[in-house]
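Thank you all for coming; I would like to walk you through one structure this morning, taking the sheets before the helices and leaving the ligand for the end. Please look at the sequence and the model for a moment before I start.

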Amino acid sequence: MTISVEVSADAATLVGDVARALTSRLAAVQASGRVPRVVLAGGSIIEELHRALAASPGAVDWSRVEFWWGDERYVESWSAERNCLAASRDLLGVVGAAAELVHVPPATDSGQPVQDAAATYAQEFPAEDFDVVLLGMGPDGHTCSLFPGRSDDVLSARDAVAVVDSPKPPALRLSMTPARLSRSTVVWLVASGSAKAAAVGSALAAPGGTVDPVEVPAVAPRGREATVWWLDQDAAALL
Ligand SMILES: O=C1O[C@H](COP(=O)(O)O)[C@@H](O)[C@H](O)[C@H]1O
């Protein structure tokens with residue numbers, strides 16, 4: 001398992017580079033006769049990536065790709081804060097994803113307490129590994145809804161956790177755990193801009209990945225074959 005860093009000149013080049021790599025990987029999985037399993041994320045650069053993929057969908061049959069989200073805000077299903085609504089608007093609805101292959105996380109209108117909603121969402125997870133997990137990262141080093149300084153229990157849980165006190169609103173969230181995110185052939189973390197430079201520097205400063213995941217949760221998910229940090233020059237400035 002390798003950890004590598006790819007640096008693109010700027011944000012636009014970064015999303016183009018990741019979009020090309022993703023469409024090429026998905027097309028290769030489909031050419032092998034399988035339906036690729038992809039975990040999407042929220043956040044600014046991932047939303048730009050969604051739009052880039054919609055504009056250049058490559059040689060992928062998007063109706064034969066299965067989707068989950070690494071995290072979701074636990075709000076009403078129609079809330080503009082939902083990661084899945086942004087992805088549906090910007091990508092899935094544009095490229096013709098198949099509704100039965102899109103695993104939308106529960107929303108508050110399900111009537112469930114957030115802890116039950118996390119367990120309900122985990123039931124949607126596949127027995128097999130994911131092919132690609134896409135992650136963003138906040139300036140504080142959080143990824144998905146795994147925030148710094150939280151208990152080891154969250155990081156060591158098996159599939160999904162409920163977050164009840166997210167420091168970034170909204171407070172209630174559902175998140176895949178590092179253990180579940182790491183059940184993927186590759187994990188690709190995408191970070192852009194100078195606001196992410198300090199967190200990138202902390203995450204990648206220690207050779208061999210010995211950074212404490214409680215302090216920088218973004219270092220915790222690791223792909224079985226490869227973990228790639230896709231950065232632009234501003235995000236990579238402190239490396
Ligand atoms: O809260 C979230 O933010 C992170 C990072 O977002 P960004 O806008 O700072 O790039 C994202 O990875 C996560 O999915 C989202 O819920």
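Let me begin with strand β8, residues 184-191, which is mostly covered, since 7 of its 8 residues are buried. By buried I mean that 20 or more other C-beta atoms lie within 10 Å of the residue's own, while exposed means 12 or fewer and partly exposed anything in between, with the C-beta atoms placed from the backbone. Helices and strands here are DSSP runs, numbered from the N terminus, where a helix is H or I over at least four residues and a strand is E over at least two.

Before going further, I should say that this is a predicted model, in which local features need pLDDT of at least 70 and side-chain atom pairs count only at pLDDT 80 or more, whereas totals for chains, interfaces and linings use all residues. Residues are numbered from 1 along each chain as its sequence is written.

Which strands does β8 pair with? On one hand, β5 and β8 pair in the parallel sense over 5 bridges, with Phe130 opposite Ser184 in β8. On the other, β8 and strand β9, residues 226-232, pair in the parallel sense over 6 bridges, and there Leu189 stands opposite Trp229 in β9. Pairing, as I use the word, requires that DSSP finds at least two bridges between the two strands.

These pairs belong to an open sheet of 6 strands, whose order is β1-β9-β8-β5-β2-β3 and whose pairing is parallel. At the edges stand β1, residues 2-8, and β3, residues 66-69, and because each has a single partner strand, one side of each is left without a neighbour in the sheet. From one strand to the next, the twist of this sheet averages 20°, an angle taken between N-to-C directions on a scale from 0 to 180 degrees, with the axes being lines fitted to C-alpha atoms, for helices over the stretch in contact. Towards the β3 edge, strand β2, residues 37-40, pairs with β3 in the parallel sense over 4 bridges, and Leu40 stands opposite Trp69 in β3.

Now to the other sheet, which is open as well: 3 strands form it in the order β4-β7-β6, and the pairing is antiparallel. Here β4, residues 71-73, and β6 are the edge strands, each with a single partner, so one side of each has no neighbour in the sheet. Direction ignored, neighbouring strands of this sheet are turned by 15° against each other on average.

Is β6 covered or uncovered on its faces? Both faces are covered, with Ala160 and Ala162 on one side and Val161 and Val163 on the other, all of them buried. That fits a general pattern, in which the side chains of a regular strand alternate between the two faces of the sheet. Between β6 and β7 there are 4 bridges in the antiparallel sense, and along them Val163 stands opposite Arg173, while Ala162 has Leu174 as its bridge partner. The loop between β6, residues 160-163, and β7, residues 173-176, contains Pro170, and a cis peptide bond, with omega about -5°, joins Pro169 and Pro170.

Another backbone detail concerns Cys144, in the loop between β5, residues 130-135, and α5, residues 152-156. Its phi is near 45°, a positive value in a residue other than glycine, and Cys144 is buried because 34 other C-beta atoms lie within 10 Å.

Turning to the helices, which residues of α1 are buried? They are Leu14, Val15, Val18, Ala19, Leu22 and Leu26, and because they cover an arc of only 125° around the axis, they lie on the same side of α1; the arc is that of the directions from the helix axis to the C-beta atoms. The face turned away from that buried side carries the exposed residues Ser24 and Ala31.

In helix α2, residues 44-55, we find Leu53, which counts as buried because it has 25 C-beta neighbours inside 10 Å. Leu53 and Leu91 are 38 residues apart in sequence, yet 6.9 Å apart in space, C-alpha to C-alpha.

Finally, the ligand is surrounded by 14 residues, of which the closest are Ala41, Gly42, Gly43, Ser44 and Gly136; a residue is near the ligand if its C-beta atom, placed from the backbone, lies within 6 Å of it.
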